[in-house]
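This report looks at how a bound ligand is held by its protein and then turns to a few residues with notable backbone or burial values.

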Amino acid sequence: MKQNSWFDPFFVFESLSEEDKLIQKNVKNFSEDVLKPNVVEYNKNHHFDLELYKEFGKLGLLGSTLKTHGGSGASYTAYGLIAYEIEKIDSSYRSSISVQSSLVINPINSFGSKEQKDKYLPDLISGNKIGCFGLTETEAGSDPSSMKTTYKKYQDGYILNGSKHWITNSPIADIFIVWALNENCETNSIKGFILEKGVKGLSTKVIENKTSLKISPTGQILIENVFVHDSDCLETSGWSSVFSCLNKARFGISWGVLGSATECWLIAKEYVENRIMFKKPLASNQLIQKKLADIQTEINLGLASCILTSKAMDQDRDTINAISVLKRNNCKKSLDIVRNCRDMLGANGLVEEYHIMRHLVNLETVKTYEGAEDIHALILGKNQTNISSF
Ligand code: TGC
Ligand code: FAD
């Protein structure tokens, strides 16, 4: 039997192109050497090291699929592998890369003018500037179309008013992608704008005391009579433009959560192989082996589906349903896996240095953002039956 066939029974990692293998190896080394040593302390102190963005940029992790403005033109498989390796350390780090790549660089690249791309993309891709994506509001979470943030035409631009809530990176952002409706809040009037830190009327507020994703700064965006010039308005076409950004972020999340689950699986496997209870290793018990087999099964089915979806994305196929299946199922299964890993470590599973509890509470966020579990069920139900439950 080949040595690692229990770890990769469908040969997902073996089937990668040489370029994707190299990207995975580099990201894995960086994650272990640079991110892992401080993760427990930074989590305890809610600390994000801003210098990391430049490191992410140097490694090609930001806007990796872009072929211009400093992007390396990597495949979607590589994009997924980056999320997988980074989230092995902490979902906060994957989140910051997802937001910058899929929700800031991607909309500017897809809906921006040449001037906007030239102005914003190089600094975002190199990590010199940090971006955020403001869609959610206090009373508009799963249903963003009920947002209250508005724009109104004024001279050669727009006046924006409103506020965004639960926005990753907003307290540290230089560039803000903000979504708003016209002054009558007509659903189909949705438009995207690029705002820059320091503009009059724009401020942010940190959400304090978060118990999950503690390394990642999250906050509000407060927008009071902010003037945005026409040249900073994105050329979007309705809600499908907003959702096209979410598709990419949800795809990365689907790979990422399997990184968290894999990390906890390997920690638990090593622990039960070494922990002696009732005079024999815990791993010698059938119930423990069944847990390990269940974990192995779900992670590998998830990875096999991720790689198929990545290849379909590389071929520009319609992956909307695949992404909802994966975002929903991989988050749900990863949470179950990580909770079982916690259980296999007994009391030690509660200790910070074993990492598992941190992954568990992080996954509670990941299950909720980018379309909560039940919202993806309803998206899939709607697409199957042609009947919307919303
Ligand atoms: P619906 O009528 O279904 O669609 C409106 C228009 O959009 C099109 N569309 C899509 N286009 C591309 N990709 C998709 N996945 C699409 N889904 C729908 C659709 O064809 C239609 O186009 P058109 O031309 O006919 O107008 O819209 P709805 O209002 O019924 O949708 C409801 C629902 C629940 C599906 C949607 O609102 C939703 O997805 N809600 C969840 C909200 C969400 O995910 N928010 C995420 C905020 S960002 C974030 O959390 C970042 S976390 C940090 C990180 O990523 O790490
Ligand atoms: P709600 O919409 O109030 O949902 C609460 C519960 O009700 C969920 O279980 C949901 O599944 C269920 N529910 C809702 N509607 C229905 C229905 N019709 N039928 C059945 N059940 C339903 N947003 C951004 O725009 N940008 C960001 O960068 C960002 N970062 C985030 C970072 C963190 C740490 C967190 C926690 C959130 C972030 N979000 C961000 C917001 C996130 O996208 C929302 O929290 C998410 O969309 C859910 O909205 P909500 O919290 O208002 O929950």
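A polar contact is taken here as a pair of N or O atoms within 3.5 Å. The model is a predicted one, and the distances that follow are computed from its atoms.

**Ligand 2 and its surroundings**

With that cut-off in mind, a polar backbone atom of F133 is found 2.9 Å from a nitrogen atom of ligand 2. Two further pairs involve L135, which contributes a backbone N or O atom, and T136, which contributes an N or O atom of its side chain. The three pairs are set out below.

| Residue | Part of the residue | Atom of ligand 2 | Distance |
|---|---|---|---|
| F133 | polar backbone atom | nitrogen | 2.9 Å |
| L135 | backbone N or O atom | oxygen | 3.0 Å |
| T136 | side-chain N or O atom | nitrogen | 2.7 Å |

Ligand 2 on its own would expose 970 Å², and 65% of that area is buried by the protein. The ligand sits in the largest pocket, where strand β3 (157-168) and the helices α10 (356-368) and α11 (373-385) are the elements that each give two or more residues to the shell around it.

How many residues surround ligand 2, and which of them come nearest? There are 18 residues around ligand 2, and the nearest are F133, T136, S142, W166 and T168. By residue class, the shell consists of nine nonpolar, seven polar and two charged residues.

**Two residues with positive phi**

W166, which is among the residues that come nearest to ligand 2, belongs to strand β3. Although W166 is not a glycine, its phi is positive, at about 60 degrees. Because its relative accessibility is 48%, W166 counts as partly exposed, a value for which only the protein chains serve as cover.

F278 likewise is not a glycine and has a positive phi, in this case of about 50 degrees. The residue is located in the loop that runs between β8 (276-277) and β9 (280-281). Is F278 buried or exposed? With a relative accessibility of 75%, F278 counts as exposed, since the threshold for that class is over 50%.

**A buried glycine in a loop**

G63 occupies a place in the loop between α3 (52-59) and α4 (76-89). Its relative accessible area is 3%, and G63 is therefore buried, the limit for that class being under 20%. Between G63 and Y79 there is a separation of 16 residues in sequence, while their C-alpha atoms are 8.9 Å apart in space.

Note on methods. Residues are numbered from 1 along each chain as its sequence is written. Chains are lettered from A and ligands numbered from 1 in the order in which they are written. This is a predicted model: local features need pLDDT of at least 70, side-chain atom pairs count only at pLDDT 80 or more; totals for chains, interfaces and linings use all residues. Side-chain values use heavy atoms; hydrogens and water are left out. A residue is near a molecule or strand if one of its heavy atoms lies within 4 Å of it. A polar contact is a pair of N or O atoms within 3.5 Å; within protein, one must be able to donate a hydrogen and the other to accept it, and residues adjacent in sequence count only if both atoms are side-chain atoms. Accessible areas come from the Shrake-Rupley method with a 1.4 Å probe; for residues, only the protein chains shown count as cover. On a 1 Å grid over the protein atoms alone, a cavity is a set of points where a 1.4 Å probe fits but cannot get out, and a pocket is an open set with protein on both sides within 12 Å along at least five of seven lines; lining residues have an atom within 4 Å of a point. A molecule sits in a cavity or pocket if more than half of its atoms lie within 2 Å of its grid points. Helices (H or I, at least four residues) and strands (E, at least two) are DSSP runs, numbered from the N terminus. Ala, Val, Leu, Ile, Met, Phe, Trp, Tyr, Cys and Pro count as nonpolar, Asp, Glu, Lys and Arg as charged, and the others, Gly among them, as polar. Buried means under 20% relative accessible area, exposed over 50%, partly exposed in between (1.4 Å probe, protein chains only).
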